[in-house]
Every structure is written in structure tokens, then in C-alpha cells.
Amino acid sequence: MEMKKRISLELRNRSPAEVRELVVDSCRSADGEVEGVTEEFSALEVLSMVNVGLGSLAKLPALPKLRKLEVSDNSISGGLDALAEKCPNLSYLNLSGNHIKELSSLQPLNLKNLKSLDLYSCGVTAADGYRDAVFRLLPQVVYLDGFDPDDNEVPESNDEDDEAGPPGDEDEDEDDEEEGSEVGLSYLMKEGIQDEEDDGDYVEEEEDDEEEEEDGEDDDALAQGEKRKRDADDEGDDDDDE
């Protein structure tokens, strides 16, 4: 499928200004240039054009919000000047599998926000002292081919920082959860105390009922005793009359 056609399909139900991520991997570029991507993609943050036959990035439009560009497995050999001008916020660039052979070709990549650069399988990686030379040439780069100058691997979470939201959100969420847990615990404890009080009231009511029943029984027994006494007195009177 051609790159333009693929992009048209991506835009069936939305406008270019609504697109934040665009992937056209393995869609062929007709003339080796960027096709179908215009300045109308003003909100675009991630663009992936892997194995599309690119020979140049000269026709890449201005994408001020672009932070991640994947153009591996193409035929790019230079002409990276467009990136500094058109993608000033670029922080991740993957040029692996391209035809970049000279360190001088990387000089235009002195973008202040560029933190991660991948050049796997490019001819330039075979140069003596390649890694040290790139870190000197591009001091803002923190990770080259997935490792920093001390050979520490890029953290997995590094690629997800932007998706996770602004710094502090996670801490706020945790605080909210802890606060919610404390409130829930307090409520349950209060509810448990109330239940115990209710149970105590119920026990007291039962005891009161039992006492009332016992008093009633005593009254009945007393009344029956008095009745028997009256009956005995009446019988005694009858005997005297006879």
C-alpha cells in the first residue's frame, strides 16, 4: 500500500489536527520522500515510517509537537538538517538500518531536546570510538543505541513517561487512594462501634424484658397465693357456721 493511501484511511473519521500518533510502516513512498504528511498534523507527537523506502527527510513538514520519530530500515544517508528546523521538540530518533556512514552526517542533530538516538546497523557504528565520538558531538544525547555513556541500559519506563501524564500525577493518585483507604477504614471502625452499641442496647432491652416477665410472674404467684388464702378462710368460716 502507498503511504498516501494509508494516511487517507487513517483520516476517514477525523481531521489531521486530531491525530497524535501516525504509523505508516511498510507503506511505500513513491519517490523516496515523505508523502501525505503535512503541516495540518499540528498535534502529531509520534510518527513511524519504518521501511517505506525513504531516501531523504527534506520534505518532512513542520511538526512542532513531534517528540518521537521512527524512520529505521530506509535509505537515508544525510540531509538531517530539516529535523532541527521542523521538529524542535524531538526527543527520540531511530535511524537504525539507514545509510549513514560519516559522523559529520549527525552534526545537524544538535537538537536541545534530543535524548535518545538509535543508529543500529548504520555504517557509522563501525568507526573507531564511535560511541564516545557521538556523545561528544551530541552532548545532549543521553542514550545511544539504548545505552548511556556508562553502558547503563535505557529504563523501560523511559518510553512511557509522556503517556503516564505530567510529573506528580501518580503521587497525587496514590495520595488520593491512601486518603480514601483511611476514610474507608474510619467509616468501618465507626460502623463497627455503632453496631456494638446497638448490640449493647439490644441486650439491655432483652434484660429489661426478662425482668418485666419475672416481675409479672411474681405478681401472678402473689395473686394466686392471696386467692388460695381467701378460699381457705372462706372454708373455715363455713365450718364454723355448721
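Q: Before we start, how do the accessible areas come about?
A: Accessible areas here come from the Shrake-Rupley method with a 1.4 Å probe. Keep in mind that this is a predicted model.

Q: Thanks! So how much area does the protein expose?
A: About 15,600 Å², and carbon and sulfur atoms supply 43% of that.

Q: And what percentage of the residues count as buried?
A: The protein has 242 residues, and 31% of them count as buried.

Q: How many helices and strands should I look for?
A: You'll find four helices and six strands. Going along the sequence, the pattern reads α-β-β-β-α-β-β-α-β-α.

Q: How many residues are in the largest nonpolar core?
A: That core has 42 residues, and Met-49 and Leu-109 are the ones with the most contacts inside it. Helix H1 (3–10) and helix H3 (130–137) each bring in at least two core residues. The largest share, three residues, comes from H3.

Q: Let's stay with Leu-109. Which residues is it in contact with, leaving aside neighbours within four places in sequence?
A: There are several leucines: Leu-80, Leu-83, Leu-93, Leu-95, Leu-114, Leu-117 and Leu-138. Gln-140 is in contact with Leu-109 too.

Q: What share of contacts join residues at least 24 apart in sequence?
A: Among contacts between residues at least 6 apart, 47% do.

Q: New topic: how many aromatic pairs does the structure hold?
A: Zero.

Q: What lies over the face of Tyr-92, then?
A: That would be Lys-68, at 5.2 Å from the ring centre of Tyr-92.

Notes: Residues are numbered from 1 along each chain as its sequence is written. This is a predicted model: local features need pLDDT of at least 70, side-chain atom pairs count only at pLDDT 80 or more; totals for chains, interfaces and linings use all residues. Side-chain values use heavy atoms; hydrogens and water are left out. Rings of Phe, Tyr and Trp (its six-membered ring) pair if their centres lie within 6.5 Å; planes under 30 degrees apart count as stacked, over 60 as edge-to-face and the rest as tilted. A charge sits over a ring if NZ of Lys or CZ of Arg is within 6 Å of the ring centre and within 35 degrees of the ring normal. A nonpolar core is a set of buried Ala, Val, Leu, Ile, Met, Phe, Trp, Tyr and Cys residues joined through side-chain atoms within 4.5 Å. Buried means under 20% relative accessible area, exposed over 50%, partly exposed in between (1.4 Å probe, protein chains only). Contact means heavy atoms within 4.5 Å.
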